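Please walk me through this structure in plain terms. I have not seen it before.

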Amino acid sequence: MARSGLAAAGQPALHHALVRAPPRPRGRHGHQRRLCVGHGLAAGARSPGPRPWLARHVSGHGRPDIALTAAAGAGIGFSAAKRAVEEGARAVVISDVHEGRLNQAKDTLAELSNTCQVSAQLCDVTNEIQVQALVDFAEAETGGVDVLINNAGLGGTCRLTDMTDEAWSRVLDITLTGTMRMSRAMLRCMQPRGKGVIVNNASVLGWRAQEEQCHYAAAKAGVMALTRCSAMEAAEFGIRINAVSPSIAMHDFLRKTSTPELLESLASREAFGRAAEVWEVANVMMFLASDYSSYMTGEVVSVSSQHA
């Protein structure tokens with residue numbers, strides 16, 4: 001396996017015996033999977049090069065897959081889209097609410113591969129019309145999305161006694177209801193095909209208690225419950241739904257919205273004494289999107305040193 005830019009950026013290569021295992025059909029129908037990646041932040045550093053094990057193992061036919069990522073202009077969402085491209089995805093569709101950030105992310109992803117089709121569409125996950133338009137666009141561009149990565153979310157700090165109804169509703173509408181809207185629209189396309197994967201982005205705050213996080217913690221706990229319940233409904237269609245639950249993953253947007261003192265305090269509480277890198281969370285998302293996790297559904301995987 002050739003070295004790539006990711007290794008140079010400090011990300012370990014994914015070496016294991018399973019890489020050399022013969023491909024096998026995916027799911028009960030053995031169809032190729034396509035990925036759909038959502039909103040996220042654009043990152044400047046280049047990740048390691050293509051990791052074809054995911055594409056081979058997911059599709060079962062030695063061909064890359066298609067992914068749609070929601071909220072992929074920056075941060076974890078962008079890193080997930082980037083990892084999909086590096087894994088050899090045939091097509092990646094990204095969305096974001098910020099046009100400039102979205103275009104930058106699209107251009108960066110397009111530079112990573114000459115074979116992956118990268119498409120982008122503006123989307124505000126609080127708007128059902130825009131959500132449906134995004135899914136329709138992704139389906140038309142790719143011929144059918146195999147994997148949806150739900151990354152849209154909104155945080156903030158506020159004591160409950162100071163919180164307005166509007167502030168509470170805004171966080172839940174983006175973080176929880178936005179995840180529901182994207183999942184609902186995508187499941188309506190996946191179910192007739194009898195295949196698909198959805199990976200949601202939750203948070204350890206769905207388990208953990210933290211001051212000034214009532215709205216965000218409630219929303220992320222809701223994402224966990226949504227993941228478990230929707231997975232039971234989707235199982236009969238051969239669709240898997242899981243979630244990652246990061247603690248603190250450092251990226252530029254988080255630095256802009258949080259004080260250095262708060263970020264340093266949160267990072268110091270982690271077992272490794274540091275925040276996660278966004279690609280460390282994205283790697284777990286790619287695992288959940290692949291057939292390496294073929295018997296996992298309704299699970300919330302903690303990408304952190306602890307639950308509480």
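Which residues touch the most other members of the largest nonpolar core? In this predicted model, they are Val92, Ile94, Leu109, Ile149, Val244 and Met285, within a core of 34 residues. Seven elements are listed as giving two or more residues each to this core: the helices α3 (75-86), α4 (99-110) and α10 (278-289), and the strands β3 (91-96), β4 (117-122), β5 (147-150) and β6 (196-201). Helix α10 provides the largest share, eight residues. A second core, separate from this one, has 25 residues, among them Ala71, Val145, Met182 and Met190.

The cores belong to a protein chain of 308 residues, of which 54% are buried. Its secondary structure consists of ten helices and ten strands. Of the contacts between residues at least 6 apart in sequence, 81% link residues at least 24 apart. The chain exposes about 13400 Å², and 53% of that area comes from carbon and sulfur atoms.

One pair of helices can be followed in detail. Two packed helices are described by the angle between their axes and the distance between the axes. For helix α5 (residues 128-142) and helix α6 (residues 165-193), the axes come within 9 Å and cross at roughly 35 degrees. The crossing is right-handed. On the α5 side, the residues in contact are Glu128, Val131, Gln132, Leu134, Val135 and Glu139. They meet Arg181, Met182, Arg184, Ala185, Met186, Cys189 and Arg193 of α6. By class, this contact holds seven nonpolar, five charged and one polar residue. Met182 appears both in this contact and in the second core.

Technical notes
Residues numbered from 1 in each chain as written. Predicted model: local features only at pLDDT ≥ 70, side-chain atom pairs only at ≥ 80, totals over all residues. Heavy atoms only, no water. Helix = DSSP H or I, 4+ residues; strand = E, 2+ residues; numbered from the N terminus. Buried < 20%, exposed > 50% of the residue type's maximum accessible area, 1.4 Å probe, protein only. Contact = heavy atoms within 4.5 Å. Areas by Shrake-Rupley, 256 points an atom, 1.4 Å probe, with all protein chains shown as cover. Axes fitted to C-alpha atoms, helices over the stretch in contact; angles between N-to-C directions. Left-handed = near helix turned anticlockwise from the far one by under 90°. Nonpolar A, V, L, I, M, F, W, Y, C, P; charged D, E, K, R; others polar. Core = buried A, V, L, I, M, F, W, Y, C linked by side-chain atoms within 4.5 Å.
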